[in-house]
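Trainee: I should like to examine one part of this protein closely. Could you please guide me through a pair of packed helices and its setting?

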Amino acid sequence: MENSPQMSFPRLNEPAPPFTARTTSGDRSLEDYRGKWLILFSHPADFTPVCTTEFIGFAKAAPTFAEMNCELLGLSIDSLFSHLAWMRNIKEKFDVEIPFPIIEDISMKVASAYGMVHPGASDTQAVRATFFIDPNGILRAMVYYPMSNGRSIEEFVRLLQAMQTSDANQVATPEGWTPGCDVIVPAPKTAEAVAK
């Protein structure tokens, strides 16, 4: 039986793997996003139909994420020149400007650190992985989609709203929670808290 290399994946509520990478907006590192939320997301390849719809979705939602103190950062294992040509193609064909950087990760260094490459899906492409990193650099949520199906950007907006509400109010949120809905208050731990 062949020994496959041990893959390490980042874990929730631990520091996100640090990185410095070349992007379509110059060099970026995880530290650049300190004090803000960051959604780091990978896609299998530039110029593919599903990825294009996702990038258009992220681009259209970018102002909403910005209002929530959240930056977006894309990644694929394509060259910087491919990314730039793809961004231009999206602008020309769909009249949508991609307002966030895309990491060039030909070496697969960032993709490997974040567990974005799944040999069962492909040895040479990153799957549709999405990572929510909080203002302190802590990985708070990860979502993986198969290569054949696009993500729901609306769900990512909702999830970020839910996590920010939980942080601000020390509460949990039920299934499908959206702002204005009831939250779940933790069980009281003192007699005073019970009275409240």
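Mentor: The following account begins with the whole chain, turns to the helix pair, and ends with some single residues.

This is a predicted model, in which local features need pLDDT of at least 70 and side-chain atom pairs count only at pLDDT 80 or more, while totals for chains, interfaces and linings use all residues. Residues are numbered from 1 along each chain as its sequence is written, and side-chain values use heavy atoms, with hydrogens and water left out.

The protein has five helices and seven strands; helices (H or I, at least four residues) and strands (E, at least two) are DSSP runs, numbered from the N terminus. Along the sequence their order is β-β-β-α-β-α-β-α-β-β-α-α. Of the 196 residues, 43% count as buried, where buried means under 20% relative accessible area, exposed over 50%, and partly exposed in between (1.4 Å probe, protein chains only).

Now to the helix pair. Two packed helices are described by the angle between their axes and the distance between the axes. Helix α1 (residues 49-67) packs against helix α4 (residues 153-169) at an angle of about 30 degrees, and their axes are 9 Å apart. Axes are lines fitted to C-alpha atoms, for helices over the stretch in contact, and angles run from 0 to 180 degrees between N-to-C directions. Angles under 35 degrees count as roughly parallel, over 145 as roughly antiparallel, 65 to 115 as roughly perpendicular and the rest as oblique; α1 and α4 are therefore roughly parallel to each other.

From α1, Glu54, Gly57, Phe58, Ala61, Thr64 and Phe65 meet Ile153, Phe156, Val157 and Leu160 of α4, contact meaning heavy atoms within 4.5 Å. By class, this contact of α1 with α4 has seven nonpolar, two polar and one charged residues. Here Ala, Val, Leu, Ile, Met, Phe, Trp, Tyr, Cys and Pro count as nonpolar, Asp, Glu, Lys and Arg as charged, and the others, Gly among them, as polar.

A further residue to inspect is Glu104, which lies in strand β5 (residues 102-104). Glu104 is buried, with a relative accessible area of 17%. A polar atom of the Glu104 side chain lies 2.8 Å from the backbone nitrogen of Leu80. Leaving aside neighbours within four places in sequence, the residues in contact with Glu104 include Arg22, Thr23, Ser76 and His83.

Lastly, Asp95 is found in the loop between α2 (80-94) and β5. Asp95 counts as exposed, at 58% relative accessibility, and its phi is near 55 degrees, a positive value in a residue other than glycine.

Note on methods. A polar contact is a pair of N or O atoms within 3.5 Å; within protein, one must be able to donate a hydrogen and the other to accept it, and residues adjacent in sequence count only if both atoms are side-chain atoms.
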